[in-house]
Amino acid sequence: MEKHDGRDAGRVRPGDLKDPWYDELASGWGELDGTGAPMAPAVPAPAAAPERSAADIYLEVQASAAFQEVRRRYRRFVIPAVAAFFTWYVAYVVTATAAPELMARPVSGAVNVAMVAGLAQFASTFLLTWAYARHARLRRDKAALDLRWVVFEQKREQELRQGSER
């Protein structure tokens with residue numbers, strides 16, 4: 001176990017990444033030369049790019065066409081679904097308040113319209129949850145995962161550049 005004196009304990013160094021596909025030794029990073037000092041990377045360092053913060057990376061992704069497509073697909077489902085569910089809920093509450101005689105009308109035995117409509121509220125909630133999860137899985141998850149990997153790769157490259165400059 002290493003002891004840290006506190007100067008660079010929180011700093012990310014190449015080789016500290018927890019990426020399961022990152023093979024430190026195969027890439028030439030972190031190998032020691034004969035003196036015990038880390039060798040220079042086997043790949044030449046790219047030309048110095050302008051310094052970008054994590055916020056810049058996220059803003060760039062947010063402005064991308066792929067991100068806008070994911071957001072558009074999300075809104076195309078959520079806005080009508082929320083409007084329909086809210087209308088259904090308000091209709092139930094207003095009907096229960098304004099027309100108690102309608103809600104008290106028996107359907108079968110002790111079961112009345114209010115009970116059926118109340119159970120339908122639960123059923124529609126579960127149906128909407130299922131539809132949302134299905135929509136996300138089929139229409140947004142792959143694109144969102146691709147965007148997540150783009151951000152991860154950009155942040156990783158930035159951390160590697162910062163680590164090699166130090």
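The following tour moves through a predicted model, one selection at a time.

Residues are numbered from 1 along each chain as its sequence is written, and side-chain values use heavy atoms, with hydrogens and water left out. Because the model is predicted, local features need pLDDT of at least 70 and side-chain atom pairs count only at pLDDT 80 or more, while totals for chains, interfaces and linings use all residues.

**The whole chain**

Begin with the complete protein coloured by secondary structure. Five helices and two strands are present, where helices (H or I, at least four residues) and strands (E, at least two) are DSSP runs numbered from the N terminus. Along the sequence, the elements follow the pattern α-α-α-α-β-β-α.

Next, display the surface. The accessible surface of the protein comes to about 12400 Å², and 64% of this belongs to carbon and sulfur atoms; accessible areas come from the Shrake-Rupley method with a 1.4 Å probe, and for residues only the protein chains shown count as cover. Of the 166 residues, 17% are buried. Here buried means under 20% relative accessible area, exposed over 50%, and partly exposed in between (1.4 Å probe, protein chains only). Among contacts (heavy atoms within 4.5 Å) with a separation of 6 or more, 61% are between residues 24 or more positions apart.

**Helix H3**

Select residues 65–98, which form helix H3. The 34 residues of H3 should span 50 Å at 1.5 Å a residue, and the end C-alpha atoms are 48 Å apart, which agrees; the expected span is 1.5 Å times one less than the number of residues. Show the side chains of Val 70, Phe 77, Val 78 and Ala 81, the buried residues of H3. Their cover includes H5.

**A salt-bridge network on H3**

Move to Glu 69. Which side chain meets Glu 69 in a salt bridge at 2.0 Å, N to O? The partner is Arg 72; a salt bridge is a side-chain nitrogen of Lys or Arg within 4 Å of a carboxyl oxygen of Asp or Glu. The two residues lie three apart in H3, about one turn of the helix. Glu 69 also forms a salt bridge with Arg 73, with the closest N and O atoms 2.9 Å apart. Glu 69 and Arg 73 are four residues apart in H3, again a separation of about one helical turn.

Colouring by accessibility shows Glu 69 as partly exposed at 22%, Arg 72 as partly exposed at 40% and Arg 73 as partly exposed at 29%.

**Across to helix H5**

Now select residues 113–165, helix H5, and centre on Asp 146. The side chains of Asp 146 and Lys 142 meet in a salt bridge of 3.3 Å, N to O. Within H5 they are four residues apart, or about one helical turn. Asp 146 is partly exposed at 38% relative accessibility, whereas Lys 142 is exposed at 61%. Returning to H3, salt bridges that share partners join Glu 69, Arg 72 and Arg 73 into one network. The count for the model comes to four salt bridges.

With Asp 146 still selected, add Ala 66. These residues are 80 apart in sequence and 9.1 Å apart in space, C-alpha to C-alpha.

**The largest nonpolar core**

Select Ile 57, Val 61, Val 70, Leu 147 and Val 151. These five residues make up the largest nonpolar core, a set of buried Ala, Val, Leu, Ile, Met, Phe, Trp, Tyr and Cys residues joined through side-chain atoms within 4.5 Å. Helix H2 (54–63) and H5 each supply at least two residues of this core. In soluble globular proteins, nonpolar side chains tend to be buried together.

Keep Leu 147 in view and show its surroundings. Beyond its neighbours within four places in sequence, Leu 147 is in contact with Val 61, Ser 64, Ala 66, Phe 67 and Val 70.

**Ser 124 and a surface patch**

Further along the same view, select Ser 124, which lies in H5. Is Ser 124 buried or exposed? Ser 124 counts as buried, at 18% relative accessibility. Leaving aside neighbours within four places in sequence, Ser 124 is in contact with Phe 85 and Trp 88.

Finish with Val 82, Phe 86, Tyr 89, Val 90, Val 93 and Val 94. Together they form a nonpolar surface patch with about 530 Å² of accessible area. Patches are made of residues with over 30% relative accessible area and no salt bridge, like charges being joined within 9 Å and nonpolar side chains (Val, Leu, Ile, Met, Phe, Trp, Tyr) within 5 Å. Val 82 lies in H3 and is exposed at 51% relative accessibility.
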